[in-house]
Amino acid sequence: MDVPIPAFVVDVGSLTTRVGYAGDDSPWQMLPSYVGVPTDGSSASSPGDGFRFPLSFSEKRTDLAVSPCLYPSFSSLLPTYSLHEDVFEHIVRSAISRCLPPHASSPDSNVGEDSLADCPVLLSEPNLHCRALREKMAAIAFEKLDVPALYIAPRALLACFAVGRSGGLVVDLGAASLSIAPVVDGFCLHREAGEWPIAGDFLDQLLSCVLTRHNLPVLPLFATHKKLPAAPALSRLAGSSASANGSSAASFAARRRAVLDWSGVDPSFLRLSQAAALRSMRESFCQVFLGEGGGFGGDGSSESLPNGVHGASLGEKTQKCPMRPLQLPGKEAAKTGQTPGRDSRAFLPSRWLTMLAPSGAAGRDLPGTAALLGATQHALELPDGTRLRGDELANTIPEVLFHPQAILHPLENEPWMQPAVKSFRGLTEEIHEVASRVDAEARKEIFNGIVLAGGGAATPGLYERLSRELARESSITMGMKWRLLALPTLFERRVSTWVGGSVLASMAAFQSLWCSREEYDEHGPSIVERKCY
């Protein structure tokens, strides 16, 4: 089916959903991949009428639970994706409707209901093939969203198109999972691909464990400390102004106590608000180890690698990476369920974290802290304003991507250490393992385009570090020449899959590959297995 009008590209991830017009450089909308569900038991005419979308965790809500759209479950070594149909329909419809212009001819019409009949949609899907998931997406798109044409493409294939390739080895580091998938001649090899739960959410869980073991509270995002505005100088001269400022301070303290009271918050909302706070802290605190000076070479230089650097052009100079086991203070010393606060006496210092004086306070660090860990300071500020320093921890947490077994060994008995986590051997070893499953004739093609994509690809230093590891160990690429590719900016790497979908859906040669409504009515949902590769 030829599609003469611009199509929409919808990339539904476990954390965010990216939506925009095919042919554009960046998505129009980046929205959360979950909705708020009222907990007051109010009835609605249809399942999606009561949803709250988009949802923000920066404000305390006691009347909402949270339902995700598409999230993997690693109960075994292979993930199982569960799709919440009503949530998926609501998110896709709302996201596309936000990109559509209002109907001038019929201002009273429901844009979300009527306009999608003119909107072809390209959807992304996980790299591990799941026929039931594909057919469920097709049924929702044609029967509920009433789209005229549809195409479903694996995320790895779209990431290759984003860097101008039709083949390669895609390393997609997202929020819920890390996947490594080979793409050959425009086809994603699902059986050879691998997926593990070592991704952004796992690193957030690791940071949460570190804070808890040091007797620090894991505060939600809505409990972020907001400082009281400073009083004007004239208020010191007027008694009435001083009284007003006193009442303002009392009102602020009362509001602060209400924010720290989580008794009425639904557990799902509280958990995701805590995850949002941990994600914000990790992204501003952690960076991949590149050497003592922070550069690529390990000799203190700040030289970075250009995009698409060739393996033969890299030097052999490297520096030993931090691979110390993450030995944390014992569980018996950490208090559980403590009231959030800033009591420095409850803090348990270790080599990983030391407490700093509050921002703007005079004097040295608070007593009872360990010695400073390094020359470069990595300050971590908790939502309640507590300031910590952990130079070595900032490099150790992302080092799990390369040496998980050495670092996570002390934590192997934690309940969140799933079998799939323990089976992960490191990024470079899994790249070698996935490539070894591919036919020898195709290995040259995939090594010539190792694509780094996903939100985790925006971690500072990850691109340079992976380049160094590939250059240091030629056995990873089986002695073949390699090329590491990624989009230039960190934001583009976050939306690599969407950018690739935008490129694919705007190609003239692609327009005959759409699954039309007539074909769906004739063959049913199984048409996507025949036309979407």
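A cavity is a set of grid points where a 1.4 Å probe fits but cannot get out, and the residues that line a cavity have an atom within 4 Å of such a point. The legends below describe close-up views of a predicted model.

**Figure 1. The largest cavity and the residues that line it.** The count comes to one cavity of 30 Å³ or more. The space in the largest cavity amounts to about 60 Å³. Its lining consists of L173, A199, G200, L203, R282, P398, L401, G456 and T459. Sorted by class, this lining holds five nonpolar, three polar and one charged residues. Rolling a probe the size of a water molecule over the atoms shows where empty space of this kind is left.

**Figure 2. The chain as a whole, for orientation.** The chain has 533 residues, and buried residues make up 52% of them. It contains 17 helices and 19 strands. Of the contacts between residues at least 6 apart in sequence, 70% join residues at least 24 apart. The remaining views show individual parts of this chain.

**Figure 3. The second largest pocket, between domain 1 and domain 2.** This pocket has a volume of about 830 Å³. Its lining comprises 44 residues, and those nearest its centre are L15, T16, G174, A175 and G455. Two or more lining residues come from each of strand 2 (16-21), strand 3 (29-32), strand 6 (70-73), strand 8 (121-125), helix 5 (200-213) and helix 7 (267-285). Helix 7 makes the greatest contribution, with four residues. By class, the lining of the second largest pocket includes 20 nonpolar, 14 polar and ten charged residues. Why is the pocket said to lie between two domains? Domain 1 (8-101 + 114-156 + 497-532) and domain 2 (199-229 + 264-290 + 348-361 + 370-417) both give residues to its lining, so the second largest pocket lies between them.

**Figure 4. An open sheet of six strands.** The strands follow the order 3-2-1-8-9-19, and their pairing is mixed. Strand 3 and strand 19 (515-516) stand at the edges; each has a single partner strand, so one side of each is left without a neighbour in the sheet. Within the sheet, strand 1 and strand 8 run parallel and are joined by three bridges. One residue to follow in this view is V9, whose bridge partner in strand 8 is L122. Strands of a sheet pair through backbone hydrogen bonds, either parallel or antiparallel.

**Figure 5. V12 and its surroundings.** V12 belongs to strand 1 (residues 8-12). Its relative accessibility is 7%, and because buried means under 20%, V12 counts as buried. Beyond residues up to four places away in sequence, V12 touches T17, S33, C69, L70, F88, V92, S124 and R155. V12 and W498 are 486 residues apart in sequence, whereas their C-alpha atoms are 9.3 Å apart in space.

**Figure 6. L116, in the loop that precedes strand 8.** L116 is placed in the loop between helix 2 (111-114) and strand 8. With a relative accessibility of 1%, L116 counts as buried. Not counting residues up to four places away in sequence, L116 touches R93, I96, L100, L145, D146, V147 and P148. From L116 to K144 there are 28 residues in sequence and 10.0 Å in space, C-alpha to C-alpha.

**Figure 7. L169 in strand 10.** Strand 10 spans residues 168-173 and includes L169. Is L169 buried or exposed? Its relative accessibility is 0%, so L169 counts as buried. Leaving aside neighbours within four places in sequence, its contacts are I180, A181, P182, I431, V434, I446, G449, I450 and V451. One of these contacts is I446; L169 and I446 are 277 residues apart in sequence, and the distance between their C-alpha atoms is 4.9 Å.

**Figure 8. An open sheet of three strands.** Here the strand order is 14-16-15, with antiparallel pairing. The edges are formed by strand 14 (354-355) and strand 15 (379-381), each of which pairs on one side only. Strand 15 and strand 16 (residues 387-389) run antiparallel and are joined by three bridges. Which residue of strand 16 stands opposite A379? The residue opposite A379 is R389.

Definitions and conventions: Residues numbered from 1 in each chain as written. Predicted model: local features only at pLDDT ≥ 70, side-chain atom pairs only at ≥ 80, totals over all residues. Heavy atoms only, no water. 1 Å grid on protein atoms, 1.4 Å probe; cavity = no way out; pocket = protein on both sides within 12 Å on 5 of 7 lines; lining within 4 Å. Points joined across faces, edges and corners; volume = space filled by probe spheres on them. Nonpolar A, V, L, I, M, F, W, Y, C, P; charged D, E, K, R; others polar. Domains from an automatic or database assignment. Pairing = 2+ DSSP bridges. Buried < 20%, exposed > 50% of the residue type's maximum accessible area, 1.4 Å probe, protein only. Contact = heavy atoms within 4.5 Å.
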